[in-house]
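Please open your viewer, load the model shown below, and keep a selection tool ready, since each stop on this tour begins with something to pick out.

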Amino acid sequence: MKKYMFLATLGMATNTVIADDTIVFSCFAKNGKQIAILESNGYYEYSFGKPGKPELVFKNSIKEVEKRSEKWDGVGAWYWEEYNLKNGEFYYTVYSAVNRMTEEHEQEGSVTVFKGNKELARIVCDRF
């Protein structure tokens, strides 16, 4: 049931979820805004904002994102990954991690916005 509620929530947030889309990442910040990445037809679609009314939505090809991103190398208790998406001159680094060694499997996540090498903002996930 949780999975279906999660899918419905993401669908309201992006208004573009169809049968072939895959949720890659989704969480909510303390202010109730949702950070989400959806995979569809060779693209990652990033969205940020209130569910059903995203303030920012843009796409990057999966190939380009994978060239810019780092993935877990198999070492350590935390399984983690990053998605580095580009929107104009801004980069959005979405970070996701799960503690694979505990029963609780704690999660953490965030999005950090850069312009060049300068960090402009960082939003930490409050709930998943």
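The tour goes from the sheet to its hairpins, then to the aromatic rings, and ends at a single leucine.

**The sheet**

Bear in mind from the start that this is a predicted model. Begin by showing the strands as a cartoon, and follow the open sheet of 8 strands, whose order is S4-S3-S2-S1-S8-S7-S6-S5 and whose pairing is antiparallel. Now colour strand S4 (53-61) and strand S5 (78-87), which are the edge strands, each of them pairing on one side only. If you look along the sheet, you can follow its twist, which averages 25° from one strand to the next.

**Strand S2 and its two neighbours**

Next select residues 34-40, which make up strand S2, and add residues 43-50 of strand S3; the two run antiparallel and are joined by 7 bridges. Within this pairing, serine 40 has tyrosine 43 of S3 as its bridge partner, while glutamate 39 stands opposite tyrosine 44 in S3. S2 and S3 form a hairpin with 2 residues between them, and if you click on asparagine 41 in the turn, you are at a residue with a positive phi of about 50°.

On the other side of the selection, add strand S1 (residues 22-29), which pairs with S2 in the antiparallel sense over 6 bridges. Here the residue to find is phenylalanine 25, whose bridge partner in S2 is isoleucine 37. S1 and S2 also form a hairpin, this one with 4 residues between them, and glycine 32 in the turn has a positive phi of about 85°.

Is S2 enclosed or open to its surroundings? Because 6 of its 7 residues are buried, S2 is largely enclosed by the rest of the structure.

**The aromatic rings**

Now show the side chains of the aromatic residues, among which the structure holds 5 aromatic pairs. A pair of aromatic rings is described by the distance of the centres and the angle of the planes. Select phenylalanine 58 and tyrosine 92, which form a tilted pair, with 5.2 Å from centre to centre and 50° between the planes. This pair links distant parts of the chain, since phenylalanine 58 belongs to strand S4 and tyrosine 92 to strand S6 (residues 90-99), 34 residues apart. Both phenylalanine 58 and tyrosine 92 are buried.

Move on to tryptophan 72 and tyrosine 79, whose ring centres are 5.2 Å apart and whose planes stand at 70°, so this pair is edge-to-face. Tryptophan 72 counts as partly exposed at 23% relative accessibility, and tyrosine 79 likewise counts as partly exposed, at 37%. Then add Tyr46 to Phe58 and Tyr92, and you will have selected a cluster linked by ring pairs.

**Charges over rings**

Two further rings deserve a selection of their own. The charged end of lysine 71 sits over the ring of tyrosine 83, 3.9 Å from its centre, and arginine 127 lies over the face of phenylalanine 28, at 4.2 Å from the ring centre.

**Leucine 120**

Finally, centre the view on leucine 120, which lies in strand S8 (residues 118-127). With a relative accessible area of 42%, leucine 120 is partly exposed. Which residues does leucine 120 contact, leaving aside its neighbours within four places in sequence? They are Phe90, Val113, Phe114 and Lys115. To finish, draw a distance between the C-alpha atoms of leucine 120 and phenylalanine 90, which are 9.4 Å apart in space and 30 residues apart in sequence.

Notes. Residues are numbered from 1 along each chain as its sequence is written. This is a predicted model: local features need pLDDT of at least 70, side-chain atom pairs count only at pLDDT 80 or more; totals for chains, interfaces and linings use all residues. Side-chain values use heavy atoms; hydrogens and water are left out. Two strands pair if DSSP finds at least two bridges between them. Axes are lines fitted to C-alpha atoms, for helices over the stretch in contact, and angles run from 0 to 180 degrees between N-to-C directions. Buried means under 20% relative accessible area, exposed over 50%, partly exposed in between (1.4 Å probe, protein chains only). Rings of Phe, Tyr and Trp (its six-membered ring) pair if their centres lie within 6.5 Å; planes under 30 degrees apart count as stacked, over 60 as edge-to-face and the rest as tilted. A charge sits over a ring if NZ of Lys or CZ of Arg is within 6 Å of the ring centre and within 35 degrees of the ring normal. Contact means heavy atoms within 4.5 Å.
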